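Welcome, and thanks for taking a look at this one. Below is a short briefing, grouped by topic, to read alongside the structure.

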Amino acid sequence: MRRLRVAILGSTGSIGRQALDVARRHPDRIEVVALAAHSSVSLLLEQAEEFGVKRLALGDENAASSSSAASGIRIHGGPSAIEESAAADDVDIVLNALVGAAGLRASIAALRAGSRLALANKESLVAGGDIIARLGVDRILPVDSEHSAIYQCLSGEPAESVHKLWLTASGGPFRGRMAADLARVTVAEALAHPRWTMGPKITIDSATLMNKGLEVIEAHHLFGVAYDRIEVVVHPQSCVHSMVEFSDGSVKAHLGATDMRIPIQYAFSHPDRWDAPAPPVDFRTLGSLDFEPPDVDTFPSLRLAIEAGRAGGTMPTVLNAANEIAVAAFLEGRVPLTAIPATVESTLERHHRAPADTLEAVEHADAWARRTAAGLLV
């Protein structure tokens, strides 16, 4: 049997490294044929040597050029090189684990090439959901644990029987805090997620609940469910990854260990299931499962994201771009955590909604939002 040929975009980040661990555990099933990263040359070359990968790309064109000269190994450079990796004809599935809206072009390239897309880059659907939807969401295997859970709960169920999607949220490191407390939290505190091991940008998004808002928009496009039938519930144990409520009142919940290798592996193995990469949950020792409504007064990012999703057009694009700029400023220690939702809200208020049905329109709105948000943070 031929091995699954996988391209991993964002291979040096948290999801990319965990995807390679899945490949390491299943060398008889997975062949890594392409690796791409932003600028982490040393780790990219280590990964290429271990997995025997010849097609390498870096988003940073200067880093690609200098590292090619120094190593003698050809590394393609620039955003177009990453798109070419996603569109190569010897790839069965592309794992898009790039960070931010920069992943949109790669998602489009993979789908246009006819490949399956294991999507960890939720920003592709947030910023360009209308475009991605036209290319075929049926070839997308979600990697976010929540969306992988819903995807599995929906398997075999008619669409008309779905009443509601329930997205679970851990609540992040500041669950239970008051709004005034958040102005004083440090970067280190915000990066200390209580349950999941993730990259810095998504960890900050989790701390503000923006991540959950982005996931609501992602779920809307991925599963074709209206916003008023998508609910967020805080579940601090993070054992229930998400749930689907059906028209007869039945609810399917997906439960499992908090290990991102599980949804990554499922995206590769679908429709089959391979041996677990993590110890299973022992329900005898799990204790209680708690659920509570999200605090959208203390964490307004969730409300802003849902409002932008409902407004549609370029509003989600602007929300996402402004958030990326504000999160970067927080990680650099230039602004408090509370500046993130404030900047996003102010940017949205200044934007005039437009259709987001072309890549040019999305990228124009994205660039405008980045300039506007950066100006607000000066």
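**Salt bridges across the sequence**

Asp92 is buried, with a relative accessible area of 16%, which puts it under the 20% cut-off. Its salt-bridge partner is Arg2, with N and O 2.9 Å apart. Please keep in mind that this is a predicted model. The notes below start from this pair and move on to two packed helices, a loop, a surface patch and the cysteines.

- A search of the whole structure turns up 24 salt bridges.
- Arg2 sits in the segment before strand 1 (4-9), while Asp92 belongs to the loop between helix 4 (79-87) and strand 5 (93-96), so their pairing ties together parts that are 90 residues apart in sequence.
- The two partners differ in cover: Arg2 is exposed, at 55% relative accessible area, whereas Asp92 is buried.
- Another pair is Glu292 and Arg175, whose closest N and O atoms are 3.1 Å apart.
- Glu292 lies in the loop between helix 12 and helix 13, and Arg175 in the loop between strand 8 (162-169) and helix 8 (179-182), so this salt bridge ties together parts that are 117 residues apart in sequence.
- Glu292 is partly exposed, with a relative accessible area of 28%, and Arg175 also counts as partly exposed, at 39%.

**Helix 10 and its internal pair**

- Helix 10 is mostly covered, with seven of its nine residues buried.
- Those buried residues are Lys201, Thr203, Ile204, Asp205, Ser206, Ala207 and Thr208.
- The cover over them includes helix 6 (123-136), helix 9 (187-190), helix 11, helix 13, helix 14 and helix 15.
- Within helix 10, the side chains of Asp205 and Lys201 meet in a salt bridge of 2.6 Å, N to O.
- These two residues are four apart in sequence, about one turn of the helix, and both are buried.
- Elsewhere, salt bridges that share partners join Asp21, Arg24, Glu50, Asp259 and Arg261 into one network.
- Just after helix 10, Leu209 takes a positive phi of about 70°.

**Helix 15 and its neighbours**

- How far apart are the end C-alpha atoms of helix 15? They are 16 Å apart, which agrees with the 16 Å that its 12 residues (339-350) should span at 1.5 Å a residue.
- The buried residues of helix 15 are Ala339, Ile340, Pro341, Thr343, Val344, Thr347 and Leu348.
- They pack against helix 10 (200-208), helix 11 (210-223), helix 13 (300-311), helix 14 (315-331) and helix 16 (359-376).

**The loop with Val296**

- Val296 is found in the loop between helix 12 (261-269) and helix 13.
- At 31% relative accessibility, Val296 counts as partly exposed.
- Setting aside neighbours within four places in sequence, Val296 is in contact with Leu302 and Arg303.
- Val296 and Thr208 are 88 residues apart in sequence, and their C-alpha atoms are 9.9 Å apart in space.

**Gln47 in helix 2**

- Gln47 belongs to helix 2 (residues 41-51) and is buried, with a relative accessible area of 5%.
- Beyond its neighbours within four places in sequence, Gln47 is in contact with Ser11, Thr12, Arg17, Leu20 and Leu35.

**A nonpolar surface patch**

- Leu255, Phe283, Leu289 and Phe291 make a nonpolar surface patch of about 360 Å².
- One of these, Leu255, is found in strand 11 (residues 251-255) and is partly exposed, at 34% relative accessible area.

**Cysteines**

- How many disulfides does the structure hold? It holds zero.
- Cys153 is in no disulfide, and the nearest cysteine sulfur, that of Cys239, is 13 Å away. A disulfide would need the two sulfur atoms within 2.5 Å.
- Cys239 is likewise in no disulfide, its nearest cysteine sulfur being that of Cys153.
- Cys153 counts as buried at 4% relative accessibility, and Cys239 counts as buried at 3%.

How values were computed: Residues numbered from 1 in each chain as written. Predicted model: local features only at pLDDT ≥ 70, side-chain atom pairs only at ≥ 80, totals over all residues. Heavy atoms only, no water. Expected span 1.5 Å × (residues − 1). Buried < 20%, exposed > 50% of the residue type's maximum accessible area, 1.4 Å probe, protein only. Contact = heavy atoms within 4.5 Å. Patch = residues over 30% accessible without salt bridge, like charges linked within 9 Å, V, L, I, M, F, W, Y side chains within 5 Å. Areas by Shrake-Rupley, 256 points an atom, 1.4 Å probe, with all protein chains shown as cover. Salt bridge = Lys/Arg side-chain N within 4 Å of Asp/Glu carboxyl O.
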